[in-house]
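Trainee: Got a few minutes to go over this one with me? I'd like to ask my way through it.

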Amino acid sequence: MRLRYQLALSAFALFALIFNSAGLMLIEISAHQRFQDQLEAMIGQNRALDGLLTTTVSLLQFYPSVQSLDEQLKNQLEKMLKENVLETGVRILDDSGVCLAENQFPEIADDQLTLPQPDQIWLKTKRFKDREYLISAHQVALNSRTLIVQTSAEITELRLDQEHQRWLFLIITLVASAVYLGAMIVISRRLTRPVELLAERERQIASGNWHQRLDLSGSRELKALAVNFNRMAETVEQKVAELETGNQEKEIFIHNLSHEMKTPLTSILGYAQLLRRTAMKPEDAEKALDVIESEARRMEQLSSRLMQLIMAAQPLPPLKSQSVEQLLKQAAVRLEPVLQAAQLQLIVESEPLELEMEEELMQAALRNVLDNAVKASSAGGRLWLSAFRLNTKIIIAVRDEGRGIQDPHPERMLEPFVMEDKARTRKHYGAGLGLALTQRIVTAHGGRVEVKSKPHAGTEIRFVFPLPSEQPTASDKSQLEKESAAGKAKTGKEGC
C-alpha cells in the first residue's frame, strides 16, 4: 500500500476512534444525567406523598364516621390522590399487598413487583405494552398501620430519545468520516508528494541519470531535504565523474606506458639480434651498442620517473616552515653545471617568504620545471626563477625565452606522457612524466600548477600556494586534487 494511503487510513482510524468514543460517551452521559433527574424527581415525589399520607391518616381520628377505619382510610387516600396533581403514577397498598388507592399507575402484574422490606426502598425498570417505566416502592409507618407506597414514572421517551441520538450520531459519524477520509487523502498526497518525488529521483540516479536534482518548496524541512539531496546527488555525480576520469586516465597511462616501453625494447632487441647474427665492423658494433645503451638509459629514466610519480601520491611527512628564498638559491646552485653547459643565464628573484614544505620534494618539482626550461632554451638565453606574494597567494615562477608550447592548451603538458617535442624529449631520455610529477608534488603541498606559454615567446610555469595562515586542510587538498583531475578531463575532451 502506498504511503499516502497508509497515512490517510492511520489518521482516519485515529479520528474514528476518538470521535466515536467521545460522541457515544456524551450520549451516555446525557442519558444518564436525564435518568438521574427523573430519579431525583421521583424521590422528591415520594417524600411529598409521605407527608400527605402522614397528614391524611392523622386527620382521620378527628372526623367520626360510621365507616370502618379501613374504609375511611381508603376513601381519604383516593380523595388525596385525586385532589393533588402528581407527576408520577401512585399506588398505595396495605402491608398485606391489598391496593387501597391508585392514580395512573401502570397495569403491571403484581408478581413482577415484590413488596419492600422495612427500611428498604427499591427501584426497578419494567416494561408494559411497549412502554418502559421506572418503579419505586417503600414502606410508610403511620401509627399502628404500615402502608406500602409504589410510584411510577414513564421513561419510554427518555429511552427513545437516547436511541434517536445514537442513530443521529451514526449518520453524523458516517458523513464526517467520509469528509475526513477524503480530506486526509488529499492532504496526505500533498504531504507525501515530496517523499515520492525523492524516491523517483533516487530511482533515476540509481539507473545512471546522475544529473537529477530535487526542487522542493514549502516548509523549511522540505527545503533542507531538497538541499541535502542535491548535495548528495552532486557528490555522487562528482564521484562517478572522478571514477570515469580516473579510469580513462589509467587507460591512457597504461597505453602510453606500453608505447614508451615498447619503443626502446624494440630497438634493444633489434640491435642485440643484429649483433648476435651478423659479423659487424667494430665501428658499426660500437654504434649498435651506443643505441642499446641509450635505449636502456631511457628505460631506466622511465622506471625512475614512474617510481617518483607513485611515491608522490603517498601522504607527505610532517611539513616544516622554510624560507622560499633559500629554496630557490639551492635550486640555482644545483642547476649551475647544467646552465654553464647550455650557456644560459639564470636570474633568481625572491621576496622574504615562508612556506610549509618538504624540501627535497619541492627541489625535485623545481628541478623538473627548470630542466624543461633549459631544454626549451637556446644558447645565450635567460631563465627567471622568482618568488613573490600576490594578494593572499605565494607564487613561485619559472620563466624562459624558449620556443614555447605549440599546443593551444598548454596545461595538457601536466598530464603523464604528454610531450611537446617527442624527439627532443627522448634525446634527453625523457618520457613526459616530469611535469605530471611536479603537479602531484605541488598539489600535495596544497597548491596548484599554472602553465602559460606562447609559441616562440617562451613559457612560464607557476606554483601557486596559499599563505601559511590559509594553508588548506587535508580535505581541501583532496578537493584541489579533484578540481585538478576534473580540469585535466575537461582539457582532454576539448583537445580531442
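Trainee: Which residue with a positive phi follows H3?
Mentor: Quick ground rules: residues count from 1 along each chain as its sequence is written, and side-chain values use heavy atoms, with hydrogens and water left out. This is a predicted model, where local features need pLDDT of at least 70 and side-chain atom pairs pLDDT 80 or more, while totals for chains, interfaces and linings use all residues. H3 is a helix, meaning a DSSP run of H or I with at least four residues, and strands are runs of E with at least two, both numbered from the N terminus. With a positive phi near 110°, the residue following H3 is glycine 208.

Trainee: How far apart are the end C-alpha atoms of helix H3?
Mentor: H3 covers residues 156-206, which is 51 residues. The expected span is 1.5 Å times one less than the number of residues, so here it should come to 75 Å. The distance in the model agrees with that, at 71 Å.

Trainee: Where does H3 bend?
Mentor: The bend is the angle between axes fitted to the seven residues ending at a position and the seven starting there. In H3 that angle is about 40°, and proline 194 follows within four residues of the bend. The bend sits at threonine 192.

Trainee: Leucine 191 is in H3 as well. Is it buried or exposed?
Mentor: Buried means under 20% relative accessible area, exposed over 50%, and partly exposed in between, with a 1.4 Å probe and protein chains only. Leucine 191 comes in at 54% relative accessibility, so it counts as exposed.
That side chain helps make a nonpolar surface patch with Leu7 and Ile187.
To sum up, leucine 191 is exposed.

Trainee: What area does that nonpolar surface patch have?
Mentor: Patches take residues with over 30% relative accessible area and no salt bridge, joining nonpolar side chains (Val, Leu, Ile, Met, Phe, Trp, Tyr) within 5 Å and like charges within 9 Å. Accessible areas come from the Shrake-Rupley method with a 1.4 Å probe, and for residues only the protein chains shown count as cover. For Leu7, Ile187 and Leu191, the patch is about 260 Å².

Trainee: And how much of the 496 residues in the protein chain is buried?
Mentor: The protein chain has ten helices and twelve strands. It exposes about 29,600 Å², with carbon and sulfur atoms supplying 55% of that. Buried residues make up 36%.

Trainee: What share of the contacts with a separation of 6 or more comes from residues 24 or more positions apart?
Mentor: A contact means heavy atoms within 4.5 Å. Taking those in the protein chain with a separation of 6 or more, residues 24 or more positions apart account for 65%.

Trainee: Which residue in the loop between strand S9 and strand S10 is asparagine?
Mentor: That loop runs between S9 (382-390) and S10 (393-400). Its asparagine has a phi near 60°, a positive value in a residue other than glycine. At 65% relative accessibility it counts as exposed, and it is asparagine 391.

Trainee: What is phi of glutamine 343?
Mentor: Glutamine 343 sits in the loop between helix H6 (324-342) and strand S7 (345-350). At 55% relative accessibility, it counts as exposed. Its phi is positive although the residue is not a glycine, with a value near 55°.

Trainee: Which residue forms a salt bridge with glutamate 360?
Mentor: In general, side chains of opposite charge can pair when their charged atoms come close. A salt bridge here is a side-chain nitrogen of Lys or Arg within 4 Å of a carboxyl oxygen of Asp or Glu, and the structure holds 13 of them. In this one the closest N and O atoms are 3.6 Å apart, and glutamate 360 pairs with arginine 334.

Trainee: Why does that pair tie together separate parts?
Mentor: Glutamate 360 lies in helix H7 (residues 359-376) and arginine 334 in helix H6, so the pair links parts of the chain that are apart in sequence. Glutamate 360 is partly exposed, at 47%, and arginine 334 is partly exposed too, at 41%. The parts they tie together are apart in sequence by 26 residues.

Trainee: Where do aspartate 371 and arginine 367 lie?
Mentor: They form a salt bridge with closest N and O atoms 3.0 Å apart. Aspartate 371 counts as buried at 17% relative accessibility, whereas arginine 367 counts as partly exposed at 33%. Four residues apart, about one turn, both lie in helix H7.
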